[in-house]
Amino acid sequence: MNRVYNFSAGPSMLPESVLLRAAAEMLDYEGSGQSVMEMSHRSKVYDAIIKGAESLLREVMEIPDNYKVLFLQGGASSQFAMVPLNLMTKNRKADYVLSGQFSTKAYKEAARFGDCKVVASSKEQNFSRIPDLDPKEFRPDADYFHICMNNTIYGTVFHALPETGDVPLVADISSCILSRPIDVSRFGVLYAGAQKNVAPAGLTIVIIREDLIGEPQEKTPTMFMYKTHAESDSMYNTPPCYSIYMCKLVLEWLKNEVGGLKAMEKRNVEKAALLYDFLDRSKLFKGCAEKESRSIMNVTFVTGDKDLDAKFVQEAAAAGFVNLKGHRSVGGMRASIYNAMPREGVEKLVQFMENFEKENA
Ligand SMILES: *Cc1c(COP(=O)(O)O)cnc(C)c1O
């Protein structure tokens, strides 16, 4: 068996020990005589899985008791609509920071449901940094304030959170959830598609302060109401059963093998530093994100020559470093180094880049 180092932005690598355990439990989960894919979501044995996943997530992320955890479907993209439908209800106003494509999509979707203001944007800088925020632009009567914390396509991250006072802060954390500790109490809503750092595709995690689960806008479909899912403990309809089970295994790995989010952060910071230090001393490769906005999850870089970029991506893939091509909209290269990417994978990639630089100088 020959496993590659997969630098995909998502779906992405899962820890090998998690895959091995899932394989071992495939045909007969804990003596039930069936796989988790086949069992009823209303069964006792499955109930322990979904409850276990939630309690582990609460423990690992230190989620306060006044927050609900929802296991939904539809991806982070569905949250672009669910957030305004459920939260833009008092003054029908929301503030958005545009720091990349996903936050722009979120803004455009929300603008269909109310008065949305762009309070800052780094579009003019090709989203190579998190825009400077001027609190005078923030509207005190906004129903919420939205950011995309880690910008997957551009490789930037908010290192400091905006001070929004009583206005609930809502964040898309799809590509940085579980990468480091985060103070959940600073947020009204956190949401994430699971396929970057938590589980296979199909699961969307929402963490919402209970007082924000109110009456949604009129005509909101039942499946798009947070209260539908909160009142039925994510069991209103069939949840993404297998992804939730995988999420539980990943959280067990994170807690027991890694040692929690502080230890995870240390690993991730070290992995990212290996790559950024190389980019900073390389004469061929250049990092795309400005230093003060650099993400520890997605590292974007270019050679400055499109043909050489393509050659690099192709030779890297042949050597077992796959999915290094940048997002189709921006080109260049992107190494997504989520939790499950071992340090060794990054070390070997840097060696490969050093050799490529020598050969193509
Ligand atoms: C991948 C991603 C999305 C889109 O997620 P889907 O689950 O595919 O809808 C949204 N936001 C961010 C930050 C992402 O990385």
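**View 1. Helix H8 and the lining of the largest pocket.** Helix H8 gives the most to the lining of the largest pocket, with 4 residues. The model shown here and in every other view is predicted. The largest pocket has a volume of about 550 Å³. Its lining has 25 residues, and the closest to the pocket centre are Val302, Val330, Gly331, Gly332 and Met333. Strand E12 (298-302), helix H8 (306-318) and strand E14 (333-336) each supply at least two lining residues. By character, the lining of the largest pocket splits into 9 nonpolar, 9 polar and 7 charged residues.

**View 2. The largest pocket and the two domains.** Where does the largest pocket lie? Domain 1 covers 16-257 and domain 2 covers 260-360. Both give residues to the lining, so the largest pocket lies between them.

**View 3. An open sheet with E12 in the middle of its order.** This open sheet has 3 strands, in the order E11-E12-E14, with antiparallel pairing. Strand E11 (286-287) and strand E14 stand at the edges. Each has a single partner strand, so one side of each is left without a neighbour in the sheet. Strands E11 and E12 are joined by 2 bridges. To find one residue pair, start at glycine 287: its bridge partner in E12 is phenylalanine 301. Strands E12 and E14 also supply residues to the lining of the largest pocket.

**View 4. A cluster of aromatic rings.** Phenylalanine 301 appears again here, as one of the residues in a cluster linked by ring pairs. The other members are Tyr5, Phe7, Phe278, Phe285, Phe312, Phe321, Phe352 and Phe356.

**View 5. Two tyrosines, edge to face.** The model has 17 aromatic pairs. In one of them, the rings of tyrosine 96 and tyrosine 144 have their centres 5.8 Å apart. Their planes stand at 75°, over the 60 degrees that marks an edge-to-face pair. Tyrosine 96 lies in strand E3 (residues 93-98), and tyrosine 144 lies in strand E5 (residues 144-148). The pair therefore ties together parts that are 48 residues apart in sequence. Are these tyrosines buried or exposed? Both tyrosine 96 and tyrosine 144 are buried.

**View 6. Strand E2 and its partner E10.** Strand E2 spans residues 67-72. Of its 6 residues, 5 are buried, so strand E2 is largely enclosed by the rest of the structure. Strand E10 (residues 204-209) runs antiparallel to E2, and 6 bridges join the two. Look for valine 69: its bridge partner in E10 is isoleucine 207.

**View 7. A cis peptide bond at proline 11.** The peptide bond from glycine 10 to proline 11 is cis. Its omega is near -5°. Proline 11 sits in the loop between strand E1 (5-6) and helix H1 (16-24).

**View 8. Two residues with positive phi.** Asparagine 126 and serine 234 each have a positive phi, and neither is a glycine. For asparagine 126, phi is near 55°. This residue lies in the loop between strand E4 (115-121) and strand E5. Asparagine 126 is exposed, with a relative accessible area of 60%. For serine 234, phi is about 60°. Serine 234 is found in the loop between helix H5 (226-231) and helix H6 (241-258). Its relative accessibility is 4%, so serine 234 counts as buried.

Technical notes:
Residues numbered from 1 in each chain as written. Predicted model: local features only at pLDDT ≥ 70, side-chain atom pairs only at ≥ 80, totals over all residues. Heavy atoms only, no water. Phe/Tyr/Trp six-rings, centres within 6.5 Å; stacked < 30°, edge-to-face > 60°. Buried < 20%, exposed > 50% of the residue type's maximum accessible area, 1.4 Å probe, protein only. 1 Å grid on protein atoms, 1.4 Å probe; cavity = no way out; pocket = protein on both sides within 12 Å on 5 of 7 lines; lining within 4 Å. Points joined across faces, edges and corners; volume = space filled by probe spheres on them. Nonpolar A, V, L, I, M, F, W, Y, C, P; charged D, E, K, R; others polar. Domains from an automatic or database assignment. Pairing = 2+ DSSP bridges.
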